[in-house]
Amino acid sequence: MPTIAKLEIVPLIYRVPEGRAYGMARGLTSIRQASLLKLTTDEGVEGVGEAWGPPTVTKAYLDLIASFFIGRDVYGFEHAMSAILSTYYHSGIQNQMTSCLSGIDMACLDAIGKMLGLPVVKLLGGAARDHLPIYASGGYFTATAEKDFPAQLERLRVAGIKRAKIKIGAGPQSDRERASVARKVLGDDIGILVDANGNYTVDEALDSMRRIADYGIEWYEEPLPPLDFDGYAVLRGRAPIPIATGEALYTAWDFKRLLDLRAVDIVQPDLSLCGGLRAGREIALLARLHHVRLSPHVWGSGVGLAAACHFVASLPDYPHSRNIVQPPLIEYDVGDNALRDGILKEPIIVENGACVLPDRPGLGVELDPLAVRRFSEH
């Protein structure tokens, strides 16, 4: 059996041009960063994955856990992860060690797919679909939001986007104003989703929801801080808009707490931090057992986007048969982020509001070495 001979971190950092910082209710950012986890087997097969967060922190965690993988069968990721979580149980799971493990999991599956000549979706159970509907994450906060916000929305409208997500969370009245502008610019045929990035308490979130419900909002994302599980349960019982959350939750254990409370309508695991594709499948099973929708959070590089495509393609249509009311969606970041397409030789194709599933072996994407080097030199 092929074994893991080498693991390394490739940092990715993109600095947004001066004066163009953008973000959410909690603040603006002028830097986008992630890490590539590169794996090489003893037979020379390479796999790549993505880990969320500052690369220096991910590198420190890789130094801590790499010995659990080196020399291990490339199929044995889950055994290594179990040993790591058991050994470092004092460290918990809500940290970049889990992000690092997420990248390694993707890299293992990418390598296995290449060895077998199969796309990763086949390793996850097969494809239920090969076109993955997206929603565009735009409508960000900026330093000059009054001017920038309508312009961002107009670009989405003319691009033919079918669903758009906007940032809210600066206050209930501000939320109403932004939802009103979004509906006016986008028209009635484009779905609107909103994201408060956990900036509210239960009473504030309810006030916000009641002010914007008339604008036909498809879901309200992260109204509360991620670990306010009881708050989510209270809010969902009173909310006039479906609630989505989960991008800041780690492993199936966090999602089990949320789902056991019946506290959410749509779960949003981020495969680059929740534990990887296999953890994503555990979360998807929990969601299915609780009859809850799932839509992965994606806000990193093209590698993470490719992983999300294979993941969503593998999800069963249950409980639907022919008439799928709300298909699982993929987040498609349209902010200033050169890491999405810029590191790939061939970016993932988007047509008619959907990502086309890569069908080559592994994750089906090939890195552009010169671009990767450019974004890793800082």
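Visitor: Across which strands does helix H12 lie, and at what angle does H12 run to S1?
Guide: In this predicted model, helix H12 covers residues 369-376. H12 lies across S1 and S4, and its angle to S1 is about 65°.

Visitor: Which helix lies across S1, S4 and S5, and at what angle to S5?
Guide: The helix in question spans residues 96-116. Its direction makes an angle of about 155° with S5, and its name is H3.

Visitor: In what order do the three strands of the open sheet with S1, S4 and S5 stand, and which are at the edges?
Guide: The sheet is open, its pairing is antiparallel, and its order is S1-S4-S5. Strand S1 (4-15) and strand S5 (46-52) each have a single partner strand, so one side of each has no neighbour in the sheet. From one strand to the next the twist averages 25°. The edge strands are therefore S1 and S5.

Visitor: How many bridges join S4 and S5, and what is the bridge partner of leucine 37?
Guide: Strand S4, residues 31-41, pairs with S5 in the antiparallel sense over seven bridges. Strands of a sheet pair through backbone hydrogen bonds. The partner of leucine 37 lies in S5 and is glycine 49.

Visitor: Which strands are at the edges of the open sheet S3-S2-S7?
Guide: This sheet has three strands with antiparallel pairing. Strand S2 (residues 22-24) pairs with S7 over two bridges, and glycine 23 has phenylalanine 141 of S7 as its bridge partner. The strands that pair on one side only are S3 (27-29) and S7.

Visitor: Within what arc do the buried residues of H6 fall?
Guide: Helix H6, residues 172-186, reaches 21 Å from its first C-alpha to its last, close to the 21 Å expected. Its buried residues include Pro172, Asp175, Arg178, Ala179 and Ala182. An α-helix has 3.6 residues a turn, so residues three or four places apart point the same way. The buried residues of H6 line one face of the helix because, seen down the axis, they fall within an arc of 165°.

Visitor: Which residue just after H6 takes a positive phi?
Guide: Among the elements that cover the buried residues of H6 are helix H5 (145-158) and helix H7 (202-212). Just after H6, the phi is about 85°, and the residue is glycine 187.

Visitor: Is threonine 245 buried or exposed?
Guide: Threonine 245 is found in strand S11, residues 243-245. Leaving out residues up to four places away in sequence, threonine 245 touches residues including Glu222, Tyr232 and Leu258. Its relative accessible area is 2%, and buried means under 20%, so threonine 245 is buried.

Methods
Residues are numbered from 1 along each chain as its sequence is written. This is a predicted model: local features need pLDDT of at least 70, side-chain atom pairs count only at pLDDT 80 or more; totals for chains, interfaces and linings use all residues. Side-chain values use heavy atoms; hydrogens and water are left out. Two strands pair if DSSP finds at least two bridges between them. Helices (H or I, at least four residues) and strands (E, at least two) are DSSP runs, numbered from the N terminus. Axes are lines fitted to C-alpha atoms, for helices over the stretch in contact, and angles run from 0 to 180 degrees between N-to-C directions. Contact means heavy atoms within 4.5 Å. The expected span of a helix is 1.5 Å times one less than its number of residues. Buried means under 20% relative accessible area, exposed over 50%, partly exposed in between (1.4 Å probe, protein chains only). The arc is that of the directions from the helix axis to the C-beta atoms.
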